[in-house]
Amino acid sequence: MKKISNVFWITLALVLAAVVFGVAAPQTFEQLTGNVQTFITSAFGWYYLILVSGIVLFCLLLIFSPVGAIRLGKPGEKPDYSTPTWFAMLFSAGMGIGLVFWGAAEPLSHFAIDPPLAKAGTEAAVKESMRYTFFHWGIHAWAIYAIVALALAYYQFRKGEPGLISATLVPILGEKAKGPLGTAIDVMAVFATVVGVATTLGFGAAQINGGLSYLFGTPISFSVQLVIIIVVTCLFLISAMSGLGKGIKILSNANMVLAIALLGLMLILGPTLFTMNMFTDTLGSYLQNLVNMSFRIAPLNEEHRTWINGWTIFYWAWWISWSPFVGIFIARVSKGRTIREFLIGTLIMPALVSFLWFAVFGSAAIDLQFSGVVDLTKNATEEVLFAVFNELPWSSVLSVVAVALVSTFFITSADSATFVLGMQTTYGSLTPPSRVKLTWGIAQSLIAVILLYSGGLQALQNALIIAALPFSVIMILMMLSLYRSLAQERKELIKSLRAPQK
């Protein structure tokens with residue numbers, strides 16, 4: 001029987017304390033966490049920009065370095081999953097529901113509501129809106145996930161360490177990584193995972209409710225969202241009990257089929273030529289302005305700085321806070337791949353798919369708004385996508401596919417999280433017991449339900465962003481640890497090649 005670690009009980013107590021606070025005093029909790037979050041984004045914006053750009057550079061150096069040939073596993077070990085299945089699994093866990101939620105809404109916001117630089121509603125704002133959306137969901141976001149996943153996969157599958165965040169820091173912290181300090185690090189990772197997935201469950205339920213409202217006139221209410229969460233919880237728990245090789249694998253492949261179907265339908269039914277022109281033009285503009293956007297902090301313009309804090313810095317903190325969950329899951333399904341193959345697969349391919357996704361859905365929303373056909377800005381964020389569908393042929397078909405896609409992404413994220421949480425709270429076991437996964441699965445859903453009811457979801461999201469700051473320091477230590485180990489392995493490889501053959 002696999003032992004349950006102290007991390008399980010400590011994190012459970014912290015999460016329960018946060019939820020009780022959120023329910024007892026939702027306004028106070030939201031105001032308190034909101035103030036701390038605002039202070040962090042204002043005072044540490046420069047730090048986040050430099051850190052995330054440094055992570056991107058580190059990943060690119062590893063791709064072109066000789067250590068890129070090192071395998072995440074024993075020499076000659078083959079990957080556990082085929083490349084299409086592997087890509088589907090990491091993509092579903094990495095972005096999933098966020099792409100559907102923000103696919104039309106973010107480009108629309110940057111164009112018509114709150115542009116980064118240009119005047120709202122202008123041609124300049126059209127180009128700007130798509131470029132910054134690409135920036136927020138592109139290489140930088142995936143580099144954050146990739147570096148955490150790479151460190152975990154390297155130490156777990158090549159060095160035989162347990163699959164814990166703390167285990168990746170042994171070369172830097174020594175035996176301290178296995179004591180109270182290591183426990184604190186793992187608690188932080190588990191807390192971020194629980195809170196992140198609970199907020200996603202809450203926002204996902206709201207978007208499914210929005211879709212059902214557009215399709216069938218279902219009222220947007222807590223009771224409907226409660227039923228949605230109960231149904232989804234039952235489905236993801238069934239999937240979680242079936243194991244990683246069955247449930248998540250099948251769901252991830254289903255996600256990709258539905259996502260490709262929705263993307264293809266939108267490309268055909270939407271403004272196809274405008275979409276492809278925007279994709280091509282924005283891809284060039286993104287690459288051309290990448291360095292400038294990466295370090296843009298607007299120290300002399302308070303209005304521009306506020307926008308950067310609310311979008312770019314928020315996103316960098318958001319991806320960092322999600323990186324323990326996504327990183328651990330991606331590491332688990334990446335055994336047997338070389339470092340170069342792993343980084344190209346997690347850095348470049350998902351970013352390109354994200355770019356195409358936003359080009360298709362974002363350009364459709366912008367085209368409708370720019371032409372004056374409909375004012376999409378009057379809709380809530382979770383309803384924007386369905387409002388776009390409403391103006392296109394086959395609107396009902398598009399909405400049904402979108403609701404199905406949100407639901408499968410929803411289930412996959414929660415399913416992946418139960419595995420990751422089970423693994424992190426049973427000393428890094430690759431096959432966590434069902435009772436632990438069941439406990440975390442139910443806990444996540446209860447947190448989402450309680451906070452939806454009390455209005456405390458925003459406060460919990462703020463808490464997640466706050467947790468990103470200390471975890472960013474852990475990420476720096478992970479990079480230093482990984483660099484030290486890879487440099488040593490490279491020296492040993494060169495030494496063995498130069499040694500005289502007997």
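**Exercises on helices and aromatic pairs**

In this predicted model, helix α1 (residues 6–24) and helix α2 (residues 26–43) have axes that come within 5 Å and cross at roughly 115 degrees.

**Exercise 1.** Determine which residues make the contact of α1 with α2, and classify them.

*Solution.* From α1, the contact draws on Ala18, Phe21, Gly22, Val23 and Ala24. From α2, Pro26, Thr28, Phe29 and Leu32 take part. Sorted by class, these are seven nonpolar residues, two polar residues and no charged ones.

**Exercise 2.** Test whether the end-to-end distance of helix α10 (residues 180–216) agrees with its number of residues.

*Solution.* The helix has 37 residues. The expected span is 1.5 Å times one less than that number, which gives 54 Å. The end C-alpha atoms lie 53 Å apart, in agreement with the expectation. As to its surroundings, α10 is mostly covered, with 26 of its 37 residues buried. Gly217 follows the helix and has a positive phi, near 75 degrees.

**Exercise 3.** Classify the ring pair of Tyr132 and Trp307, and state which helices it ties together.

*Solution.* The ring centres are 5.3 Å apart. The planes stand at 80 degrees, and an angle over 60 counts as edge-to-face, so the pair is edge-to-face. Tyr132 belongs to helix α7 (residues 123–137) and Trp307 to helix α15 (residues 302–332); the pair therefore ties together parts 175 residues apart in sequence. Both Tyr132 and Trp307 are buried.

**Exercise 4.** Describe how Arg337 is placed relative to Trp86.

*Solution.* Arg337 lies over the face of Trp86, 4.2 Å from the ring centre.

Technical notes. Residues are numbered from 1 along each chain as its sequence is written. This is a predicted model: local features need pLDDT of at least 70, side-chain atom pairs count only at pLDDT 80 or more; totals for chains, interfaces and linings use all residues. Side-chain values use heavy atoms; hydrogens and water are left out. Axes are lines fitted to C-alpha atoms, for helices over the stretch in contact, and angles run from 0 to 180 degrees between N-to-C directions. Helices (H or I, at least four residues) and strands (E, at least two) are DSSP runs, numbered from the N terminus. Contact means heavy atoms within 4.5 Å. Ala, Val, Leu, Ile, Met, Phe, Trp, Tyr, Cys and Pro count as nonpolar, Asp, Glu, Lys and Arg as charged, and the others, Gly among them, as polar. Buried means under 20% relative accessible area, exposed over 50%, partly exposed in between (1.4 Å probe, protein chains only). Rings of Phe, Tyr and Trp (its six-membered ring) pair if their centres lie within 6.5 Å; planes under 30 degrees apart count as stacked, over 60 as edge-to-face and the rest as tilted. A charge sits over a ring if NZ of Lys or CZ of Arg is within 6 Å of the ring centre and within 35 degrees of the ring normal.
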